[in-house]
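Biologist: Before relying on any term, I should like to hear what stands behind it. May we take the terms one by one?

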Amino acid sequence: MEQQRRAALDGWYHETQTSQQRHTLLDPCQTNESDSFLLGLEQKIEPSLRRLLTQRNGLLFAAQTAYNKLFPKSVSLSRHQTLSLYDRLSSALTVAQVTGIQPLCTHFAARLAPLNCPDASRESNIRQTHLAQYARLLATQPTLINRAMLTQLSDVGLSAQDIVVFTQLIGFVSFQARLLAVVNALAGRPATVLPGFSHPEEAKQSGFSLQLRRWQSFLPEVDLAKATREQLDVLDFSAPDARDSSFYRLLLQDAGSLEALSALTTHIMQQPGDEKSALKEWAAAATSRINGCLFCAGIHGRYYLEIGGASGHIDSLFVESEPQHAGVAEQDPLVKAVKTLTQTPEKFDASALQPLLDAGYTHQQTLDILLSSALFGWLNRLIQTLGASELA
């Protein structure tokens with residue numbers, strides 16, 4: 001059966017489109033190319049708080065660069081790059097929908113509307129179904145993605161490079177949605193939750209510890225002996241040991257998005273004059289615990305302790321078998337805020353922000369915490385999807 005996209009007054013719903021092209025008048029501000037990351041929502045924040053965002057020009061530039069790399073004006077298809085602009089934007093809209101951030105849904109719907117959709121052939125419908133299912137599942141319950149699902153993507157024609165790009169864009173839109181939720185909270189606006197909106201289940205994962213883990217890609221990595229000078233430069237920019245890392249060699253399949261992600265990570269986790277922050281590492285570990293990412297939780301739990309963080313925090317975070325049970329970590333205002341942003345970004349508003357301020361965190365520290373959490377929502381999805389980790 002041919003599925004269709006239906007117009008609505010306040011946005012769009014889609015699964016796949018018919019092959020008939022439709023032209024619909026949409027809000028032109030949603031397609032502003034110079035502001036396709038924050039979508040102009042930061043203008044509604046009180047000026048003194050808005051400066052907390054606008055003074056982070058490097059971060060915003062890196063985020064806009066990531067957007068431009070993943071969602072360019074056009075995509076030239078080839079044997080190794082089969083993920084069309086339609087595929088990218090329709091998947092981004094799926095992710096935006098499951099996060100419940102309406103301005104983001106409207107934005108991607110506006111970009112998607114003028115595009116010709118794939119032909120309504122059986123093969124095309126199967127491919128679109130796999131893309132939509134993968135995007136929805138990775139956006140909501142990343143621990144349920146397994147190696148067989150990557151094989152299914154390969155079976156419907158995606159190359160290793162396509163799968164890397166696809167996973168990057170799902171992680172990016174997840175990050176963008178949560179940052180827009182934070183902007184909404186800073187502006188003091190209440191959250192708008194649609195009736196019947198479904199929420200992801202708690203990640204069911206065990207085995208969290210501070211022990212070293214080794215990560216190995218499921219997909220072919222870039223052969224450094226055949227890498228271009230540009231690719232090697234991106235690796236060296238990303239991390240000192242990136243050439244020895246299976247993770248970075250895999251993400252090098254799409255050097256542009258890797259470079260933008262690395263720049264974002266640097267701006268969020270280690271600003272100029274700001275060495276590793278215990279608050280950021282605690283937020284990273286807590287987010288990774290909630291998302292079920294053993295690898296990231298262990299690494300950033302260790303970083304947190306190395307900086308002087310409380311060992312009791314990590315013990316309570318890792319020992320609790322069910323994060324929804326109110327233990328020591330669950331009562332921490334930072335963990336509460338991170339949990340809301342991670343699991344239910346559509347509910348993150350000023351009331352979710354206030355407990356951090358009441359606990360004595362400044363607006364600057366609060367933003368640092370939430371940026372770290374949003375970033376690791378992206379990184380966790382890459383780690384959990386594209387490879388597996390085992391104890392070293």
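Biologist: What area does the chain expose, and which atoms supply 52% of it?

Modeller: The chain exposes about 17,100 Å², and carbon and sulfur atoms supply 52% of that area. Accessible areas come from the Shrake-Rupley method with a 1.4 Å probe, and for residues only the protein chains shown count as cover. This is a predicted model, in which local features need pLDDT of at least 70 and side-chain atom pairs count only at pLDDT 80 or more, while totals for chains, interfaces and linings use all residues. Residues are numbered from 1 along each chain as its sequence is written, and side-chain values use heavy atoms, with hydrogens and water left out.

Biologist: What is the mean pLDDT of the chain?

Modeller: The mean is 87, and 85% of the residues reach 70 or more; pLDDT is the predictor's confidence in each residue, from 0 to 100. Over residues 1-32, however, the pLDDT is below 50.

Biologist: Why is Trp 215 called buried?

Modeller: Buried means under 20% relative accessible area, exposed over 50%, and partly exposed in between (1.4 Å probe, protein chains only). Trp 215 has a relative accessible area of 7%, and is therefore buried. Trp 215 belongs to strand β3; strands (E, at least two residues) and helices (H or I, at least four) are DSSP runs, numbered from the N terminus.

Biologist: Which residues is Trp 215 in contact with, leaving aside neighbours within four places in sequence?

Modeller: Contact means heavy atoms within 4.5 Å. Among the partners of Trp 215 are Phe 247, Leu 250, Phe 295 and Ile 383. The C-alpha atoms of Trp 215 and Ile 383 lie 8.1 Å apart, although 168 residues separate the two in sequence.

Biologist: Why is Gly 377 called buried?

Modeller: The relative accessible area of Gly 377 is 4%, so the residue counts as buried. Gly 377 is located in helix α17 and, leaving aside neighbours within four places in sequence, is in contact with Thr 287 and Asn 291.

Biologist: What volume does the largest pocket have, and what makes a set of points a pocket?

Modeller: Its volume is about 980 Å³. On a 1 Å grid over the protein atoms alone, a pocket is an open set of points with protein on both sides within 12 Å along at least five of seven lines, and lining residues have an atom within 4 Å of a point. Of the 33 lining residues, the closest to the centre are Ala 239, Tyr 248, Ile 299, His 300 and Tyr 303.

Note on methods: 1 Å grid on protein atoms, 1.4 Å probe; cavity = no way out; pocket = protein on both sides within 12 Å on 5 of 7 lines; lining within 4 Å. Points joined across faces, edges and corners; volume = space filled by probe spheres on them.
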